[in-house]
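Subject: Structure handover

Dear colleague,

I am passing on the structure we spoke about, together with some notes on what turned up in it. Please look it over alongside the text below.

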Amino acid sequence: MSRIQLEGATKRYGGVTAVDQVTLDIADGEFLVLLGPSGCGKSTLLRGIAGLAPLTEGRILLGGTDITHTAPRDRDLAMVFQSYALYPHLSVARNIGFPLRARRRSRAEVRQKVEDVAKILDLSELLDRRPRELSGGQRQRVALGRALVRDPGAFLMDEPLSNLDAKLRTATRSELTELHRRLGSTFVYVTHDQVEAMTMATRIALLNRGSLEQVGTPAEVYDEPASAFVAGFLGSPAMNLVEAEIVSRAGSLYAVARDVEVPLGITGDVGETKVVLGIRPEHLRVHGQRRDLRGVVRLIENLGSEEVAHCTVGDAKVCLRGPRPLGLSAGDVVGLTTAPERIHLFHHATGRRLIWAPAPESISLPVR
């Protein structure tokens with residue numbers, strides 16, 4: 001069993017709390033991605049699991065066994081670093097087999113294991129080469145092979161693709177996903193790249209300033225962000241966030257701000273309630289007559305099959321994303337609309353997601 005459980009995991013460096021009371025249950029065979037901006041604590045948390053940065057508080061369990069104070073070499077975990085950390089003077093075969101030789105396994109066992117792993121990672125033709133003779137993607141596969149040869153309980157990966165160019169990252173991303181499917185092992189993967197997280201993960205744990213903001217499937221964190229931070233982090237461009245007020249007009253509720261009057265499609269009376277209105281760029285449409293948001297186009301970005309229009313709406317910057325051509329130019333005055341079911345509302349002070357739904361007479365906006 002390779003289930004990893006974190007219970008109140010905390011790591012402090014002097015007066016700085018890098019990881020703050022993280023409780024997380026990573027299932028056996030799961031591909032969990034620790035996602036977040038630089039400095040959010042994701043690499044520190046991964047190193048804590050590996051034992052390279054011992055926790056200040058909390059516990060770590062692997063397969064139900066407490067490994068909080070177990071030495072890194074005695075944890076049934078394999079770490080893959082961003083820098084590959086290959087031995088330049090050793091061949092690919094000897095790099096891959098190094099962990100087994102360090103454990104004094106027989107030559108025959110080491111040779112067989114290395115050949116098996118090389119076949120899985122398509123490295124069989126490269127076993128006699130040195131790292132300097134390999135491409136970045138090949139070096140990354142060698143680093144993976146060195147972890148894989150141990151047959152560990154779980155793989156820990158710290159931004160392993162960050163040194164690759166864009167094309168190679170896409171190819172290696174697919175290889176890693178396929179490898180996880182074939183092995184059925186537990187992967188814990190650190191990245192700041194939301195595309196990697198969305199395409200590879202079975203679940204995403206999004207961190208902010210050392211704390212968990214949300215844990216869920218890629219679809220859950222994208223479609224139902226638990227906070228304005230999550231909404232603003234995921235997406236390219238990210239979700240449009242506009243400070244607004246909920247007001248009742250003739251019994252119908254609207255999110256209102258300067259040049260914004262978005263109907264929520266529900267009736268009720270909540271008084272004037274401050275919120276943050278969220279709409280994803282792909283959920284906005286240009287409308288000739290109805291204008292929920294009224295803005296001016298500042299810039300058009302050509303993404304090939306799509307275009308992104310950057311607009312100014314009142315005091316806010318709003319993006320519209322759609323198939324090319326959008327038919328807009330810089331300087332155009334536009335009216336934008338969206339469907340009520342595509343609207344997200346967040347608490348003005350805490351940033352947490354608000355739950356809202358149609359009600360016969362009134363509506364409450366509890367904080368989730």
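The notes below deal with the salt bridges and with one annotated span.

Please keep in mind throughout that this is a predicted model. Taking a salt bridge as a side-chain nitrogen of Lys or Arg within 4 Å of a carboxyl oxygen of Asp or Glu, the count comes to 15 salt bridges. Three individual pairs and one network among these charged side chains are described here.

Near the start of the numbering, Arg3 forms a salt bridge with Asp25, and the closest N and O atoms of this pair are 2.5 Å apart. Because Arg3 lies in the segment before β1 (4-13) while Asp25 belongs to strand β2 (residues 16-26), the pair ties together parts that are 22 residues apart in sequence. As for the surroundings of the two side chains, Arg3 is partly exposed at 32% relative accessibility, and Asp25 is likewise partly exposed, with a relative accessible area of 35%.

A further salt bridge joins Arg258 and Asp315, with 2.7 Å between the closest N and O atoms. Here the partners sit in loops, Arg258 in the one between β12 (252-257) and β13 (260-267) and Asp315 in the one between β17 (306-313) and β18 (316-323), so that this contact ties together parts that are 57 residues apart in sequence. Arg258 counts as exposed, its relative accessibility being 53%, and Asp315 counts as exposed too, at 68%.

Strands β17 and β18 also take part in a salt bridge of their own, in which the side chains of Arg321 and Glu306 meet at 2.7 Å, N to O. Since Arg321 lies in strand β18 and Glu306 in strand β17, the pair ties together parts that are 15 residues apart in sequence. Arg321 is partly exposed, with a relative accessible area of 22%, and Glu306 is partly exposed as well, at 25%.

Salt bridges can also be joined up, as with Glu7, Arg59 and Asp66, which are linked in a network of salt bridges.

Finally, a word on the annotation: the unreviewed UniProt entry carries "domain: ABC transporter" for residues 4-234, and such an annotation may be inferred rather than shown by experiment. In the model, the end C-alpha atoms of residues 4-234 lie 26 Å apart, and the span is 36% helix and 26% strand.

With best wishes

How values were computed:
Residues numbered from 1 in each chain as written. Predicted model: local features only at pLDDT ≥ 70, side-chain atom pairs only at ≥ 80, totals over all residues. Heavy atoms only, no water. Helix = DSSP H or I, 4+ residues; strand = E, 2+ residues; numbered from the N terminus. Buried < 20%, exposed > 50% of the residue type's maximum accessible area, 1.4 Å probe, protein only.
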